[in-house]
Amino acid sequence: MVSRGTTQQSSAPFNRRIVLDVIRRQGSISRREIVDLVSLSPQTVANITNDPHAGNSIGISLEPGRVSAGLVNLVGEILERREVDIDTHDQRGVLATVMGLVRELRRRPAAADRLWGIGVALPGPLVKTDISFIGPTTLEGWSDLSVFDELRDASHLQVFYSVDSVAAALGETLFGVARALDNFFYMHFGVGLGGTLVVNRSAHRGANSNATEIGHIPAVPGGKPCYCGNAGCLERYLSLQSLAEALGVSEAADRDALIIAALERNTDAALQAWCREAAERLRDAVCVIENMLDPLAIVIGGSAPKLLVERLVALAEPLHHSVRGGVASPATRIVLSERQEDSSILGAAVLPIYDLLSPRFEVLQQDRRAEADVAGLLGQRGTRRAGRL
């Protein structure tokens, strides 16, 4: 559904978001068609599309052992992509690597248009908790995120950061399979396992922005010890780290290639056993999410190879009975991201432009809140710190 503009003088930011949202959704569209869709005057539409009509942002995805980066435009196309394997325990080394990738991307011809800023997606929880920055599925050893302030100072660009599952969920809302979904649950399947509940096209963050950390929900009584201090946590069975352990792969640089090769051969007994157990845990997780939250769909994305996700979803059938069973078909209960391996980069790139592209009134109102509120919701605008979204 397309929102309508308003002629009130104070609503220029809202009208701008509506027009840019139409352009994002339609891709190629004439000004005349935009006028008809949003009920604004031709002059208003012309002013908005001229200033500016284009722009890009840089998305940075941080995972244990790897930094990925991409230059992304306002319709969600990844124009340039880079990936580097690195020791992510070393924050100074990570900063140097990220700055090198940013410089490379800024030299590309596609970066000549306006750069809205840099978005960074990384494993959570980010607020200091008992399980923050602990274990091989997080940026283990990090104590704070001041490195993003340094990135802002060095790049002279706005920097926004977020938990990877939240960033990717927003990316799916704007550019992916969730464009038509007002509420859904996003499952981020990568080195670890994360999740985000999207309600009215906004991510539910919880009291300290740590909501729906599903990877650390105990799922198997007396199960495998988890890095968080509990046992039987979901991501100990359903994550790339778990699969790498099952296959005896210790280096992140080798993990994806070896997993894909094993999937294609389909003869590895350890892989087949892991897939069966992981599919059981996925079936359980889907039932819990549906019965507790009743989302329109569960969207699965992340850095896991799509071939692996497809295998697990197939093995998880038939799904458990739940409040969604009989209401939604299995094909709509679980929806796979079309941007699987790029979902973190795309989600990160969304962060600097999310409020620009969202025509919802609640986002518009956020721009007008006091600085203390804006700091928590829109990345501390007007301050000298990198912003958290």
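**View 1. Residue S343 and the residues that it touches in this predicted model.** Leaving aside residues up to four places away in sequence, S343 touches A168, E172, Y186, H188, G301 and G302. One of these partners, G302, is also reached through its backbone nitrogen, which lies at 2.9 Å from the side chain of S343. Another partner, A168, is 175 residues apart from S343 in sequence, and yet the two C-alpha atoms are 5.5 Å apart in space. S343 belongs to helix α12, and with a relative accessibility of 3% this residue counts as buried, because buried means under 20%.

**View 2. The contact of helix α6 with helix α12.** Helix α6 covers residues 164-175 and helix α12 covers residues 343-350, and their axes come within 7 Å and cross at roughly 80 degrees. The two helices are therefore roughly perpendicular to each other, since angles of 65 to 115 degrees are counted in that way. On the side of α6, the residues that take part are D164, A167, A168, L170, G171, E172, L174 and F175, and on the side of α12 they meet S343, S344, L346, G347, A348 and V350. Sorted by class, this contact of α6 with α12 is made of eight nonpolar, four polar and two charged residues.

**View 3. Residue S61 in strand β1.** Strand β1 runs over residues 56-63, and S61 lies within it. The relative accessible area of S61 is 6%, so this residue is buried, the cut-off for that word being under 20%. When residues up to four places away in sequence are not counted, S61 touches R66, V67, S68, A121, S344 and I345. One of these, S344, is also among the α12 residues that meet α6 in the second view.

**View 4. The largest nonpolar core and a second, separate core.** The largest nonpolar core has 46 residues, and the ones with the most contacts inside it are I60, L62, I118, V120, L122, W142 and F148. At least two residues of this core are supplied by each of β1, β2 (66-73), α4 (91-107), β4 (115-122), α5 (147-155), β5 (159-163), α6 and α12, and it is α4 that gives the most, with seven residues. Apart from this core there is a second, separate one of 31 residues, which includes L243, L282, L308 and V309.

Definitions and conventions: Residues are numbered from 1 along each chain as its sequence is written. This is a predicted model: local features need pLDDT of at least 70, side-chain atom pairs count only at pLDDT 80 or more; totals for chains, interfaces and linings use all residues. Side-chain values use heavy atoms; hydrogens and water are left out. Helices (H or I, at least four residues) and strands (E, at least two) are DSSP runs, numbered from the N terminus. Buried means under 20% relative accessible area, exposed over 50%, partly exposed in between (1.4 Å probe, protein chains only). Contact means heavy atoms within 4.5 Å. Axes are lines fitted to C-alpha atoms, for helices over the stretch in contact, and angles run from 0 to 180 degrees between N-to-C directions. Angles under 35 degrees count as roughly parallel, over 145 as roughly antiparallel, 65 to 115 as roughly perpendicular and the rest as oblique. Ala, Val, Leu, Ile, Met, Phe, Trp, Tyr, Cys and Pro count as nonpolar, Asp, Glu, Lys and Arg as charged, and the others, Gly among them, as polar. A polar contact is a pair of N or O atoms within 3.5 Å; within protein, one must be able to donate a hydrogen and the other to accept it, and residues adjacent in sequence count only if both atoms are side-chain atoms. A nonpolar core is a set of buried Ala, Val, Leu, Ile, Met, Phe, Trp, Tyr and Cys residues joined through side-chain atoms within 4.5 Å.
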